[in-house]
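Colleague: Could you walk me through this one? I'd like to go over the ring contacts and then a sheet.

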Amino acid sequence: MTESTDLAFGYSDGDVDTNASTAPSLSTLIDQRYSRRQALRSGASAAAVAVFGGGVLAACDSANADADPYPNLASVGSSGSANSGQVVTLTATATDNGPVTSAWVQTGGPAVTLIGASAANASFIAPSVSAATTLTFQYSATDSAGQTAQGTTTVTVSPASLGFTAVAKNKNDIVTVPAGYTVTILYRKGDPLAAGVAAYKNDGTDGDFANRGGDHHDALHWYGLSAAGARADASSTRGLLVMNHENIDPQYLHPNGSTTVGGARPEAEALKEIESHGVAVVEVVEGANRAWTYVQNSSFNRRITPNTPMQINGPVRGNDLVKTAFSNDGTQGRGTINNCANGTTPWATNLTCEENWAGYFRRSGDNALRTAKELTALGRYGVTSSSGNYGWSTVVPADASNTLFRKWDARATAAGPLGDYRNEPNQYGWVVEIDPYDRTKAPRKRTALGRLGHEGAWPGKFAAGRKPAWYMGDDSRGEYMYKFVSATAWSAADGAENVTDRLAIGDKYLDAGTLYVARFDANGTGAWLPLVFGTGPLTASNATYPFTDQADVLVNARLAADALGATPMDRPEWTAANPVTGEIYLTLTNNSAALRPLNGTNAANPRHYNDPKGTTNQFGNPNGHIVRIREAGDNTESLTFTWDIWLFGAGADLNAANINISGLDATNDFSSPDGLWFGRSTNASGLVTPIAWLQTDDGAFTDVTNNQMLAAMPGTVGDGGARTITNTGAGGATATQATIVGKAPGTTLRRFLVGPVECEITGVDSTPDGRALFVNIQHPGEGGTSTAPTSHWPDSQATGTAGATVRPRSATVVITKNDGGVVGL
C-alpha cells in the first residue's frame with residue numbers, strides 16, 4: 001500500500017515577526033529590488049524564485065494587505081512515493097485575500113494524465129516504469145491581478161508490485177476481495193437485454209432467454225465504444241462485454257426443476273434451456289462516482305444461442321462430413337454450445353470456443369448404419385449418449401416443421417446423411433468468430449483451427465510481417481495442447497479502428513494456416529507437430545483411422561494428434577500470453593489416478609500423489625499445475641520451444657518436497673487452476689512484469705475454501721531448474737519423476753478473491769486503463785434444489801445472507817479500487 005509521506009516544504013510569515021536579527025526582512029529586500037508597480041506587473045513568483053530558486057513560496061507578509069496582495073503559497077507536495085499503477089495525490093496550499101486560481105503542470109519524467117489539474121489538489125496514476133523514476137510537477141497560484149506564485153515537487157515511482165493484502169480462504173456466500181476494493185454486481189442470469197423485457201422474477205417462471213442474460217457466465221472480453229457508438233479500443237468508460245454462457249442449472253431455471261412427460265421433454269422447458277446457453281454481447285457503462293451498469297435497451301446487446309444461424313468457414317466448408325438435412329451443401333449451421341474460454345483478435349472480434357459439446361447429442365442403436373471409421377471417430381469424441389444432455393431431442397414441437405430439437409438426435413437413419421442429423425456433431429467443437437459491433441453478421445466457425453473440446457484460443461504476441469498464432473487447450477483429461485499458425489503474415493493496418501468488415505479480416509487470417517499439436521520432451525524442450533494430411537501417419541493407410549483429406553484431419557484432430565504422438569496432458573484448459581515476454585501459459589486443471597497412474601507420469605505432468613478430502617482419498621494429480629512455453633526465437637511460427645512448470649497447485653500442508661513443489665502457504669495455496677489471463681498492456685498491470693490472474697475450478701480443495709482468484713507476477717521460462725520428485729501410489733509404492741520447475745513464487749503470488757458457495761471463478765478482463773476488473777461467477781449453489789438452494793448469491797452479497805428460498809444466479813461482477821488506481825497494484 002502507498003504510505004503517506006509529507007513532501008511539503010516552506011516557511012512561515014512568523015519568522016519575520018520573531019527574528020531578532022537587525023538584517024533587513026525578506027519584504028524589505030523584495031521592496032528594495034522591485035517597486036510595487038513592477039511587482040504587480042511581473043508577479044509574486046519572480047521575487048520569490050530569485051530568493052528561493054523555485055522552492056515552496058510565501059511572498060507576502062502580514063503588513064501587505066492592499067487590494068492586490070501576493071498569493072501566499074504555504075506548501076507544495078504529494079501523498080508520497082508510489083509504485084506503478086497506484087494513485088498519487090499532489091497537494092498545495094495557497095491563500096490570498098481574494099480568489100486564487102490553481103494550475104498543476106508536469107515538468108519532468110514519463111508523461112501522466114493529471115486529474116484535477118486546475119485545483120489545489122490534483123492526482124494521477126503512477127506510470128509504468130522498469131526502475132525507480134523521478135517525476136516533477138509545478139504548481140502555480142494566480143491571484144485576481146494576475147500575480148503568480150509557483151512551487152515544485154517530485155514523486156518517485158517504482159516498478160509495479162502486488163499492492164494488496166491476501167484474502168483469507170473462506171466458505172462465505174459472498175465475493176470476498178481485499179480491503180480497499182469494492183464489488184458491484186453488474187449483469188446476472190435472466191437480466192433483460194432488450195426494451196420491454198420484464199425484470200427477472202427468479203422463480204422459474206421467466207421465459208424469452210433469447211433476450212435475457214444466459215446461465216453459467218464464463219469467459220469474457222471488453223471491447224471499447226466511443227461516445228458516438230463506434231469501436232474505440234482505448235475507451236475505459238463505455239464498452240461491450242462479450243461473454244460465454246456455458247451451461248445451465250436446470251433446478252433453478254424452472255419452477256420445480258426440469259420435467260419429462262411421457263418420455264418427452266416439454267417444448268417450452270427445452271427452449272428455455274437451449275436459449276440459456278451460448279454467448280451474450282452486453283453494453284456496459286461507467287457512470288457518476290465510477291458506478292457501473294449495463295444498458296438494457298442498447299442496440300448492441302445480442303444473444304447468440306444454439307439456435308443462431310452460423311456460417312461454416314475454412315477447409316471443412318462444404319465437406320461431406322458437415323452436410324446435414326439443414327445444410328445439404330455443408331456451408332451453414334445453427335448455433336454454438338458449451339462455450340467455455342475464449343480468444344480475441346487485433347481486429348476486435350471475439351473468439352468463442354465450443355468445449356464439452358459431445359454429450360448434448362443423442363446417439364445409440366445405429367451402428368449398423370455406420371461405417372467402422374465413423375464409429376471410431378464418434379467414440380474418440382464421446383458422441384455415445386443414449387439420450388443427450390437434457391433430452392432435447394425428445395421434444396415433440398407444436399410446429400412439425402421445427403427441427404431445432406430434432407438436430408440433437410445424431411442417430412443415422414435410412415434417410416441418409418442429407419436426410420438426418422448424423423453429421424450434426426461434426427458442426428460442433430470449433431472456434432467461432434463473432435463481430436461484437438455488428439449484430440447483423442452471422443458468426444463464422446473457423447474450421448482451420450481444428451475440432452476439439454476447445455477450452456480457448458488465445459493469440460500469441462503479434463509482430464508485423466510474422467504469421468500470428470493462437471494457442472488452445474483441449475479440455476479433457478489426457479488431451480493435448482494445440483496452436484494454429486495463420487498462413488498470412490500480420491499487417492498492422494488490419495487492426496485499425498476504421499476497419500468495418502472485421503469478419504473479412506478474420507477470413508484472411510483464420511481460414512488458412514497450419515494446426516499443430518505439442519510434444520513435450522523430458523529435457524525441457526518441445527516440438528510442434530503439424531496436423532497436415534499426407535504428413536507421416538496422417539494418410540488413407542492409417543490403420544486406426546484412415547484419413548481422407550485435410551478436412552478429415554481437422555474434423556478428427558484428436559485422432560490425428562494421437563497418431564502423431566503428442567503428449568497427453570492433465571486436462572489442458574486456458575491458455576494465456578504474457579504480453580511482455582510472449583511466453584504462453586497453459587493451465588492443467590487436474591487428473592485422476594486412472595489416467596495419470598503412478599508409473600504413467602512424464603516430465604510435463606510429473607505428479608501422482610494423494611490429497612485426502614475428509615475420509616476420501618484423491619490419488620492422481622487432483623490439484624493440477626501450470627506449464628509455460630517459450631517459442632524458439634520468440635517467434636510464433638517456430639516449430640520448437642522450451643518449457644517449464646510455473647506453478648504446482650497444492651494445499652500448504654502437503655509434502656513440500658514432492659507435492660507442494662512451489663512452496664505455497666496460507667496466502668496463496670490453491671487447487672485446480674482453470675482461468676488464466678494477463679493484464680492489458682495498455683496499463684501498468686500488463687507492462688514490465690505483468691499480472692497473471694489465475695482462477696480455480698476445484699473440487700479437491702473445497703473442503704477448505706470456496707473457489708478463488710489469485711494474482712501473480714511470474715518470472716520467465718528457465719528461472720528455476722531441474723527437479724526429481726518421488727511419487728507415492730495408493731499401496732505405498734513409489735516412483736521417481738524428473739521434471740523442470742519454475743522459481744517458487746513467494747509473495748509474488750497471493751489470493752485476491754474468494755467466491756460464494758459452490759461457484760466456479762471463470763472469466764476475467766479489465767478496461768484498458770486497468771481501473772475496473774470484470775470477473776464472472778459461475779453456478780453458485782450448483783448442488784442445491786429449487787426448494788433448498790445451497791447459495792443465495794448474488795442476493796447475499798450485501799449482507800452475507802438472504803432469504804432461505806432465494807435462488808442463486810450466475811453473474812458478472814466489476815471490481816474497482818476505492819482510490820481509483822489500477823486493480824491489483
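**Rings, charges and a sheet**

Modeller: Let's start with a charge: the charged end of Arg-334 sits over the ring of Phe-326, 4.1 Å from its centre (CZ of Arg or NZ of Lys within 6 Å of the ring centre and within 35 degrees of the ring normal). This is a predicted model, where local features need pLDDT of at least 70, side-chain atom pairs count only at pLDDT 80 or more, and totals for chains, interfaces and linings use all residues. Residues are numbered from 1 along each chain as its sequence is written, and side-chain values use heavy atoms, with hydrogens and water left out.

Colleague: How are the rings of Trp-292 and Phe-774 arranged?

Modeller: Rings of Phe, Tyr and Trp (its six-membered ring) pair if their centres lie within 6.5 Å; planes under 30 degrees apart count as stacked, over 60 as edge-to-face, the rest as tilted. Here the centres are 5.4 Å apart and the planes stand at 90°, so Trp-292 and Phe-774 are edge-to-face.

Colleague: Is Tyr-585 buried or exposed?

Modeller: Buried means under 20% relative accessible area, exposed over 50%, partly exposed in between (1.4 Å probe, protein chains only). Tyr-585 has 0% relative accessibility, so Tyr-585 counts as buried.

Colleague: In the open sheet 8-40-39-38, which strands stand at the edges?

Modeller: Strands are DSSP E runs of at least two residues, numbered from the N terminus, and two pair if DSSP finds at least two bridges between them. The pairing in this sheet is antiparallel. Each edge strand has a single partner, so one side is left without a neighbour: these are strand 8 (181-188) and strand 38 (760-766).

Note on methods
Helices (H or I, at least four residues) and strands (E, at least two) are DSSP runs, numbered from the N terminus.
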